[in-house]
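The following exercises are to be worked with the sequence and the coordinates at hand. Each task is followed by a solution in steps.

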Amino acid sequence: MRACGAGSLGIAASAAATLLAVSSLALAQEHAQWPAPAGDFANTRFSALTDINATNVASLKLNFAFSTGMLRGHEAAPIVTTDTMYIVTPYPNVLLALALDAPGAPLRWKYESLPNASSQGVACCDTVNRGAAYADGRVFFNTLDGQSIAVDARSGKEIWRTHLADINHGESITMAPLVVNGKVLVGNSGGEFGVRGWLTALDAATGKLIWRAYSTGPDSEVLIGPDFKPFYAQDRGQDLGVHSWPPDAWQRGGGTVWGWISYDPELNLIFYGTANPGPWNPDQRPGDNKWTAGIFARNPDTGAAKWFYQMSPHDLYDYDGVNENVLLDLDVGGRQRKVLAHADRNGYLYVIDRATGEVISANAFVHVNTIDKVDLATGRPHYVAEKKPVVGQVVRDICPHAGGGKDWQPSAYSPITRYLYIPHQNLCQDEEAVPANYIAGTPYVGANIKMHAGPGGNRGVFSAWDVAVGRSVWEIKENFPVWSGALATAGGLAFYGTMEGWFKAVDARTGRLLWQFKAGSGIIGQPIAYRGPDGKEYVAVLAGVGGWAGGVVSGDFDTRDASAGNGWGNAMADLPKFTQKGGTLYVFSLP
Amino acid sequence: MSSRCPEIGICLLIALSLTACEREDRRFSEAAAAAKAPDTITQSDLQPGGPTPRATLASPYDDNAYAVSQGKQLFEWFNCSGCHAQGGGAIGPALMDEKWIYGAAPENIFASIVEGRPNGMPSFRGRIPTQQVWQLVGYVRSLSGQVRKDVASSRSDHLFMKKSEQSLPQAPPAPSSPPPQGQ
Amino acid sequence: MGAKAIVLVGAGLAVLASGCTSNHAALNPAGPRARHIADLMLLFVGVSTIVYLVVIAFLIWAMWRRRARAHLQGAQATRAAENKARRVIGAALALTVVVLITLALADFFVQRFLAAHPADALRVLVTGHQYWWEVEYDDPDPSQRLHTANEFHIPVGRPVELVLTSQDVIHSMWLPNLTGKKDLIPGHTNTEVLLADKPGEYSGQCAEFCGLQHAQMRLIVRAEPAAQFETWRQQQLAPARAPQSDAERRGQEVFVRSTCILCHTIQGTDASATVAPDLTHLASRGMLAAGTLPNTQGNLSSWILAPHRFKPGVQMPATALPPDELAALAAYLASLR
């Protein structure tokens, strides 16, 4: 069994050699472990393990389950080192270390971060946390009230904690940090609270702040210097983070960094997206609203920006740009190019040259009626005029909705099939823009939203996207939005969870359902695969419905109000019939 | 028919017109009642020796349509709607049902706004004047049908999201509150 | 009786005369648009007056003539009278048609003139609120968009396109010296063009009943030479003046820690709320509360303490502050030039 696994691992590794992430595996050490939510620096969420594969997955069994004791949305990925699994729970952000080398994986230790309870009032979309990161014997994670904490992986003792965000200005932190070159990269949340977004690098050893790059404001604070070479003309100029806003509006302009960070060690660049500009009501912020709703490439050591591309200039619909940037090498017109694939909230899947920021292709991966095309010459999307929100008027059937074609839920890329597995939603909305009143520490939105299912009536989709060709290969329709992350394995499988609580394994090539398991609560977490201390392959996922889409259950909304949870009340009114609250870790293996 | 009928009719008419006055009265510079914060708040029904009978402070605007509609406007202006939506809840709990985590009495709602609550409700002490807090209390109560139907709003200026406060069914507060959610 | 009539006529003339000098009068046009409207009005009033006098004269004449000629009888006389009446009626009809067409044409050409929107206009967005005016200057560079309230400046000689909307009920903007009335409607935009050819301060007024304080919803437009306007614009674009004295510092502290911060903006502080007027350069304005009170430190204090005394039904709540805090707050606000 062990030998067989190693053999196929070799094949898989050679198949994956085209993939940058695999050729520079500083992080995942042959993918036997899973030290960060995305598995690797390239954000592929690909496991080279093949023990569990298309032929035997039908006999996959629950190995153990472990309750987190929390009820809110569990969006985190468990992370795994040689013999320990670490789970960070939603608020109150308890870090659990499970001993994988003992039968039943008991708690090795438990670290309570005790965040300020008031921070729950500035968490726009449930009190989630997207995971921890492991590096050099330490586990790093963030708390809802804006702290970054390093804990000793062996003892569970706190090494440092740094307070970064201020809840009285609406800031919180929900993202999973990424550790690059001895620096912990952390960004803030609060795009619905009029915060000013930033990404910060902390010294992994001490927790001291090394640099902070804001997403709005003068070049000196955005860390735009002589190295900044954006590909498109509209991104060149002095202090665009000030001049593309009404006076002072950049101070509360959003552009938070609550999503995923990728890292390319060869180029020594990190890539991350900035969130929506605030408020949602676009009339209150004329201009392109730089540097929100776009992707930054930066030097991780200095923070200096290399390039920027804005998917949604003057964003109209809360189309955050924070979705994962999957780094891969792609054959474009006979030439191998280092690209990143980014399935954006605005419904387009961008393939961008990650050295220069040039958009190679942009194709709609969902039903989009707000943007009819992306002009590849200028890089600008063309907004459809009749779908633009207007103050005091109701614009019907805006697709995709505020949650986008796809929200935070990360996709996975298999270098074997060369498909990107995208968990996403199929939702549209009616919207009325209303004036937003800025009061520090309270929501700053300015839109009345009523969401509903898109064409076809199914609210979610799990699809496989051929990045090279730029089209969908197969699609699985789901009743509810697919709010979980995806996992691809060299065993020819793709895993994802549904909000009803089904954890599914499908054939990576055809999308045929091969195995499923019904968890105790809806799944919005990120599945992972790892090799346990006993040499066996395991697949793990956290269940526990919630998040923005699952607030109807985790926040006990009254769905007689269609606007509950920013419009989800209408779209998800029937979710409580299918699932209830409760966080549990599920770990599966072959018998 | 007896001869007293017209008198009863006249009395009824006078009574009706009086209630109409109260309903429409616009008290711009309210003094006493609204300016005094309640000091009878308890959050537990459990007290050694049994609960002390307490007079629940009447919300001063339960019968004043103008104040309740002002409360509805303030509910948006002060971003209450950002967290409680239009009563269905979002970051904060729903306000149109029978569940009250920190007490359903008007003084409890008043205290929730002024003092804040530990699981995320901000404190608006010193930020919202007392009179406006009471207007908000009136509107919040109208969301679960705790004010008279002819006092509650009958329409909204915005996208239709729920039945108007006037046509929402009464949701009498449950006797004891469920614990805060989440943990 | 005679004395009364003299008083009345005198009063009427006085009103007319004041109309010719007032900064809130359609009869004192300060720009071509208002002038066209005033001319059209004078034309209508003149023609109507003449028609009225002629009709009345004919009426009196007819009554007198009927009595005088009542004895005339006979078929021949009747026919002659009928022919004459036909001619008179025909002539009168023709004259009426000519007069009406003339008036209609005059109206048409004035409307056409008013409807023409110049391409090079300065765009100003005006939003009506109960009971104040929000003003924002459009600019291709969004960071040059200036925000103010109730009082705004325009350059003399340059057309200004107003984009009008409302956030609550229907209001109407009326700047009689500069142009006619135009409604501000929630969820809809109207446009109106201003063009002042004389510098001066012109007064405006909400002209559509919008609530209790409709009468106290005034607007001031100051027309000034281009250079002076630019100076004003730059001054208004600057962030709020930082507090200098201890009282001002204390006042700023009070502002951001009290009721003010929930509704008002002072650029450069945490206060960025937009449901009430922007106060970044409050002291540069002549009046308080949409033309209700002259802008003095004393009035500021009284207004903050009890706005309903001056403007019952205004949305601003009474704020009970201890005297020292109130004084500090007023000092701070009065320093925001």
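**Exercise 1: A strand pair in chain A**

Strand E13 (residues 198–203) of chain A and strand E14 (residues 209–214) of chain A form an antiparallel pair with five bridges. The model in which they occur is a predicted one.

Task: Determine which residue of E14(A) is the bridge partner of Ala201(A), and which residue of the hairpin takes a positive phi.

Solution.
1. Ala201(A) has Trp211(A) as its bridge partner in E14(A).
2. The hairpin of E13(A) and E14(A) has five residues between the strands.
3. Gly207(A) in this hairpin takes a positive phi, near 85 degrees.

**Exercise 2: Two helices of chain C**

Task: Establish how helix H5 (residues 246–256) of chain C and helix H8 (residues 323–334) of chain C pack, in terms of angle and axis distance, and which residues make the contact.

Solution.
1. The two helices pack at an angle of about 100 degrees, and their axes are 7 Å apart.
2. Angles of 65 to 115 degrees count as roughly perpendicular; H5(C) and H8(C) are therefore roughly perpendicular to each other.
3. H5(C) contributes Ala247(C), Glu248(C), Arg250(C), Gly251(C), Gln252(C), Val254(C) and Phe255(C) to the contact. From H8(C) come Glu325(C), Ala328(C), Leu329(C), Ala331(C), Tyr332(C) and Leu333(C).
4. By class, the residues of this contact are eight nonpolar, two polar and three charged.

**Exercise 3: Length and burial of H8(C)**

Task: Compare the expected span of H8(C) with the distance between its end C-alpha atoms, and state which of its residues are buried.

Solution.
1. H8(C) has twelve residues, which at 1.5 Å a residue should span 16 Å.
2. The expected span uses one less than the number of residues.
3. The end C-alpha atoms of H8(C) are 16 Å apart, in agreement with the expected value.
4. Ala328(C), Leu329(C), Ala330(C), Ala331(C), Tyr332(C) and Leu333(C) are buried.
5. The buried residues of H8(C) pack against H5 and also against helix H6 (297–305) of chain C.

**Exercise 4: Chain B and its contact with chain C**

Task: Describe the secondary structure of chain B and the contact between chains B and C.

Solution.
1. Chain B contains six helices and zero strands, in the sequence pattern α-α-α-α-α-α.
2. Of its 183 residues, 40% count as buried.
3. Among contacts in chain B with a separation of 6 or more, 69% involve residues 24 or more positions apart.
4. In the contact between the chains, 13 residues of chain C meet eleven residues of chain B.
5. The chain C side comprises seven nonpolar, five polar and one charged residues.

Conventions: Residues numbered from 1 in each chain as written. Chains lettered and ligands numbered in written order. Predicted model: local features only at pLDDT ≥ 70, side-chain atom pairs only at ≥ 80, totals over all residues. Axes fitted to C-alpha atoms, helices over the stretch in contact; angles between N-to-C directions. Helix = DSSP H or I, 4+ residues; strand = E, 2+ residues; numbered from the N terminus. Parallel < 35°, antiparallel > 145°, perpendicular 65-115°, else oblique. Contact = placed C-beta atoms within 7 Å. Nonpolar A, V, L, I, M, F, W, Y, C, P; charged D, E, K, R; others polar. Pairing = 2+ DSSP bridges. Buried ≥ 20, exposed ≤ 12 C-beta atoms within 10 Å, placed from the backbone.
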